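Here are some short exercises to work through with the model open beside you. Try each task on your own before reading its solution.

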Amino acid sequence: MTITLYDIPSTLPGNTWGPNTFKTRYTLNFKGLRFTTEWVEYPDIEPHCKKLGIKPTSKKDDGRDHYTLPAIYDPSTGTYISDSFAIAEYLDKTYPDTPPIFPRNTVGLHRVFTQTAFTQNIEPIWEFILPPTCLILNPPSNEYFRRTREESFGKTLEDVVPKGDYAIEQWNKLQEGFGKIAAWYAVTDGTGPYMMGDEISWDDIVLCSFFSWMRIVWGKDDKKWKDVAGWDGGRWGRLLQDLEKYAV
């Protein structure tokens, strides 16, 4: 049976672009599970999830339910589930004969890495990546994305883009953050290029999902992407190259 992945479309060939939905796309492909994609524009996510009975993933500042993608429907169990981390946990438990995303009961360790260490060290990325992301979205999603992000930042997306000395400072800070992540990777360099040495796991998928987003939005020839791919001795460019076959 074929799993349905709910993803957000773009104006680009192949449609796929978002880091969070990429996490589930990488996960499904890595496990070798058959799936098809159903595309849902940003303003349609909440009503679509409510119609299907997909649970919200968090609460908004005003206390209302917040619905996000990715989500999947697995016809083999009749299950709808949202949130990329929860989806990965579900797929590991439901399909134990496929390659694990959390090898040897390491769910807790991966959760700590992605929810604290990773997010803290890439904090400067948002100002560089969110404004151009708006430009690749279809009109309904473009309007929604711009409006909600501008409400969050309190200024236009054009004004969010770092400029001058501040841009240099933030870019250097981002490089330092990835340097800290590289130091954790280096601990297992003797056994392989991944966070767990020779085993691909959730942390690698998260990083490659963000790298895929950067390369798509900025463009593979953009200096920013070339910088990131070349940082830490080219570690990140090689990591994406190793895993990009799972991004389709």
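At 0% relative accessibility, C208 counts as buried. The model behind this value is a predicted one, and the exercises below stay with it.

**Exercise 1. Cysteines**

Task: Find how many disulfides the structure holds, and decide whether C49 is buried or exposed.

Solution: Start with the sulfur atoms. A disulfide needs a pair of cysteine sulfurs within 2.5 Å, and the structure holds 0 of them. Next, take the accessibility of C49. Its value is 2%, so C49 counts as buried. C208, at 0%, is buried too.

**Exercise 2. Unusual backbone angles**

Task: Work out where N15 and R104 lie, and classify each by its exposure.

Solution: First, a reminder of the background. Most residues other than glycine have a negative phi, and most peptide bonds are trans.

Now look at N15. Its phi is near 70°, a positive value in a residue that is not glycine. N15 sits in the loop between strand 1 (3–7) and helix 1 (19–31). Its relative accessibility is 21%, so N15 counts as partly exposed; the cut-off for buried is under 20%.

Then turn to R104. This residue also is not a glycine, and its positive phi is about 55°. The loop that holds R104 runs between helix 3 (84–94) and helix 4 (107–121). With 58% relative accessibility, R104 counts as exposed, given that exposed means over 50%.

Finish with the peptide bonds. The one from L69 to P70 is cis, with omega near 20°. P70 belongs to the loop between strand 4 (65–66) and strand 5 (71–74).

**Exercise 3. The surroundings of T106**

Task: Find which polar partners the side chain of T106 has, and say whether T106 is buried or exposed.

Solution: Place the residue first: T106 lies in the loop between helix 3 and helix 4. Its relative accessible area is 10%, so T106 is buried.

Next come the partners. A polar atom of the T106 side chain lies 2.7 Å from the backbone oxygen of P103. The T106 side chain also makes a polar contact of 3.1 Å with the side chain of H110.

Last, look along the sequence. T106 and W202 are 96 residues apart in the chain, yet their C-alpha atoms are 9.6 Å apart in space.

**Exercise 4. Two helices and their spans**

Task: Set the end-to-end span of helix 4 and of helix 10 against the expected value, and locate the bend in each.

Solution: Begin with helix 4. Its 15 residues reach 20 Å from the first C-alpha to the last, close to the 21 Å expected at 1.5 Å a residue. A kink of about 35° is centred on F113. F113 is also among the buried residues of this helix, together with H110, T114, A117, F118 and N121. These buried residues pack against helix 3, helix 8 and helix 9.

Helix 10 comes next. It has 21 residues, but its end C-alpha atoms are only 22 Å apart, short of the 30 Å that a straight helix would reach. Helix 10 bends by about 130° at G233.

Now add the ends and the packing. D222 caps the N-terminal end of helix 10, with a side-chain oxygen 2.8 Å from the backbone nitrogen of K224. The buried residues of helix 10 include W225, W231, G234 and R235. Helix 1, helix 8 and helix 9 (202–218) are among the elements that cover them.

**Exercise 5. Aromatic pairs**

Task: Find how many aromatic pairs the structure holds, then describe F30 with Y246 and F178 with W236.

Solution: The count is 24 aromatic pairs. In the pair of F30 and Y246, the centres are 5.4 Å apart and the planes meet at 85°, which is edge-to-face. This pair links distant parts of the chain, with F30 in helix 1 and Y246 in the segment after helix 10 (223–243), 216 residues apart. Both F30 and Y246 are buried.

F178 and W236 form a tilted pair, 5.9 Å centre to centre with 55° between the planes. F178 is in helix 8 (residues 164–186) and W236 in helix 10, 58 residues apart. The relative accessible area is 1% for F178, so F178 is buried; W236, at 0%, is buried as well.

To close, widen the view: F178 and W236 belong to one aromatic cluster that also takes in F128, W171, Y185, F211, W218, W225 and W231.

Note on methods
Residues are numbered from 1 along each chain as its sequence is written. This is a predicted model: local features need pLDDT of at least 70, side-chain atom pairs count only at pLDDT 80 or more; totals for chains, interfaces and linings use all residues. Side-chain values use heavy atoms; hydrogens and water are left out. Helices (H or I, at least four residues) and strands (E, at least two) are DSSP runs, numbered from the N terminus. Buried means under 20% relative accessible area, exposed over 50%, partly exposed in between (1.4 Å probe, protein chains only). Rings of Phe, Tyr and Trp (its six-membered ring) pair if their centres lie within 6.5 Å; planes under 30 degrees apart count as stacked, over 60 as edge-to-face and the rest as tilted. The expected span of a helix is 1.5 Å times one less than its number of residues. The bend at a residue is the angle between axes fitted to the seven residues ending there and the seven starting there. Contact means heavy atoms within 4.5 Å. A polar contact is a pair of N or O atoms within 3.5 Å; within protein, one must be able to donate a hydrogen and the other to accept it, and residues adjacent in sequence count only if both atoms are side-chain atoms.
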